[in-house]
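Q: Please take a close look at one place in this structure where two pieces meet. Describe how they are placed, and then set that place in its surroundings.

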Amino acid sequence: MYEKIQVDALARVEGEGGLYIALEGDSISELRLDIYEPPRFFEGFLQGRYLQEVPDITARICGICPVAYQMSSVYALEKAVGAEITPSIRELRRLLYCGEFIESHALHIYMLQAPDLLGHESALSLAAVAPDVVKTALRLKKIGNEILRTIGGRSVHPVSSCVGGFYRFPKVEKLQELLPDLRWGLDAAKETARWSTTLDYPEMDVDYEFVALTLPDEYAVVGGDVLSSKTGIIPVEDFVSVYPEKHIRHSNALHSSNASGEPYLVGPLARVNLNHEKLSPQAKAIVEELKLEFPITNPYKSLIARAIELVESYELAIEIVENYKPEGPSHVELDLKVGKGCAATEAPRGLLYHDYEVDEKGFIKTAHIMPPTAQNLARVEEDLRQLIPQVIDKEHAEATLDCEHLIRSYDPCISCATHFLTLDIKRK
Amino acid sequence: MNKIIIIGIGQKFRGDDAIGPEVVLAWEKKHPERAKELQVKISPLPGLELLGLFEDADTAILVDAVQSGAEAGRIHVASAEQLIAFGAGSGSVHGFGVAETLALGRLANPETIPENLIVIGIEAANMDVGSSISVEVRESIPNAVAKLDEIVSQYI
């Protein structure tokens, strides 16, 4: 019998965090997902910046999901100044987002989570025995980065987005050059989805509150209101009051909960469970072929949800590229005025909420960002509490690995989550 | 014709990590005519993207900061195989390190790895965020530039 499970530095997650679980007999006396990555103060240094600087600054929060940080910021700021974008701009934003889902999901499915499911220490040891799997992963991922490069000028931290649209539209022929790769990718994504259901997932069944964006006519990624599996739809404007944040001693990232103080889940499982009826036709066909039943309540199976979204993203990317005929200006003129605005988009890891206040010249007065990983941290800790009784009789190393695998299945991005620190100064 | 690419790897605001790009830019400045005959790239944190940077090249020369325990500023020249001795790992596995990425590429996509892959590693002392290149490492720039030019001469 052992007294603790301790992982000082989690591997195959982005950023720096550790896990500490203290046991007394069969019960847990302490469980902490320690987030010791230093806080990054983004919300602080956005203050006083001109609003057009915001998307390029927030993109730097993450090298895996820079587009999400750009998109939530541009939508929130457009709302703050009352700007309405055109359908051409929105379609291009959706395509840019497809690129991000593709590169992020391909990386997580194959390089970060699959080694756990296949009994490998890393993608490197997996590549030694299954080079074709890793080869497919590298190509799938690269195509996502190519979409980012074609629209945004570079494959990470693209630079074309602005409040109001894009600095310029990419040329039709440049986007069409992507089509052969995208078509290959759609087939490979379908194969990925088929393969994802053959993997041997640990058993787990959690009663989640799933939270994701929702839109009437599409699988919601770019904008929308908030849908909860327990409480229904709320306007995005109410998000912060319904899902408040709080400071936790062992974490440099804030924790979120619902109004009753219970954790909730954002991310691919929440999206697929809530919005599977709005998936694209071929993604839906794969769901039917694989006889998937919703809701999926096993956190390890978020890999399947990512694979379904990989199909969705490739299919949508092809559709947008085939119909791409940019009309109107690439960005709308802004009529600067004092205002407040909030918006959310679906980052690969889940709902990403931003709100801003701007002054009459378009300078930022306040900024507030709720990253998906921070919202999920309390949920991961609850899942670990549920997991411990199942693994407590296993060898220590195996139990530790099971805990790590559970954390990795969330695809946590700790660097994103620690952008914030509340300074509570008490004065006499 | 032998297609050569030189890639300076490193982040500007991370102490000695910036030495790779510094050396490549110093070489380019000193040999502008020669630089035109080949491709020169600066890549702060390439991760898996590294594999895409050199897939059309016959010869890739990577210039990067390394930590092997030798004295700061020491210049190492290694083949890709030897690179593993410097250790993989970038502190985060979302961001794949150079050695690990090359190993992964060699296993999964051997056809995209250039025939000649040479790494010039400059021993780093301090990689703290926000610091600048340390004195010993900066003093190695002329020697590193000469080494880079010597290697370019072998393959051009």
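**The crossing between the chains**

A: Helix 6 of chain A passes helix 5 of chain B in a left-handed crossing. The model is predicted, and what follows describes that model. Helix 6 of chain A covers residues 131–152, and helix 5 of chain B covers residues 98–108. Their axes come within 8 Å and cross at roughly 115°. Angles of 65 to 115 degrees count as roughly perpendicular, and the two helices are therefore roughly perpendicular to each other.

On the chain A side, the residues that meet the partner helix are Pro131(A), Val134(A), Lys135(A) and Leu138(A). Helix 5 of chain B answers with Leu104(B), Leu107(B) and Ala108(B). By class, the residues of this contact divide into six nonpolar, no polar and one charged.

The crossing belongs to the wider contact of the two chains. That contact takes 24 residues from chain A and 17 residues from chain B. About 1,600 Å² is buried between chain A and chain B, and carbon and sulfur atoms give 66% of this area. In chain A, the residues that lose the most area to chain B are Leu124(A), Lys135(A) and Leu138(A), which together make up 33% of what that side buries. Lys135(A) and Leu138(A) are also among the helix 6 residues that meet helix 5 of chain B.

Charged pairs also span the interface. The rule finds three salt bridges across the interface of chain A and chain B. In a salt bridge between Lys142(A) and Glu55(B), the side chains meet at 2.7 Å, N to O. Over all chains, a search of the whole structure finds 33 salt bridges. Within chain A, Glu78(A) and Arg93(A) form a salt bridge at 2.7 Å, N to O. This pair links distant parts of the chain, with Glu78(A) in helix 3 of chain A and Arg93(A) in helix 4 of chain A, 15 residues apart.

A helix pair inside chain A can be set beside the crossing between the chains. Helix 10 (residues 268–275) and helix 12 (residues 302–322) of chain A pack at about 65°, with their axes 8 Å apart. That angle makes helix 10 of chain A roughly perpendicular to helix 12 of chain A. The crossing of helix 10 and helix 12 of chain A is left-handed. Helix 10 of chain A contributes Pro268(A), Leu269(A), Arg271(A) and Val272(A), while helix 12 of chain A contributes Ser302(A), Ala305(A), Arg306(A) and Glu309(A). The residues of that contact divide into four nonpolar, one polar and three charged.

Key:
Residues numbered from 1 in each chain as written. Chains lettered and ligands numbered in written order. Predicted model: local features only at pLDDT ≥ 70, side-chain atom pairs only at ≥ 80, totals over all residues. Heavy atoms only, no water. Axes fitted to C-alpha atoms, helices over the stretch in contact; angles between N-to-C directions. Helix = DSSP H or I, 4+ residues; strand = E, 2+ residues; numbered from the N terminus. Parallel < 35°, antiparallel > 145°, perpendicular 65-115°, else oblique. Left-handed = near helix turned anticlockwise from the far one by under 90°. Contact = heavy atoms within 4.5 Å. Nonpolar A, V, L, I, M, F, W, Y, C, P; charged D, E, K, R; others polar. Buried area = accessible area lost by both parts, 1.4 Å probe. Salt bridge = Lys/Arg side-chain N within 4 Å of Asp/Glu carboxyl O.
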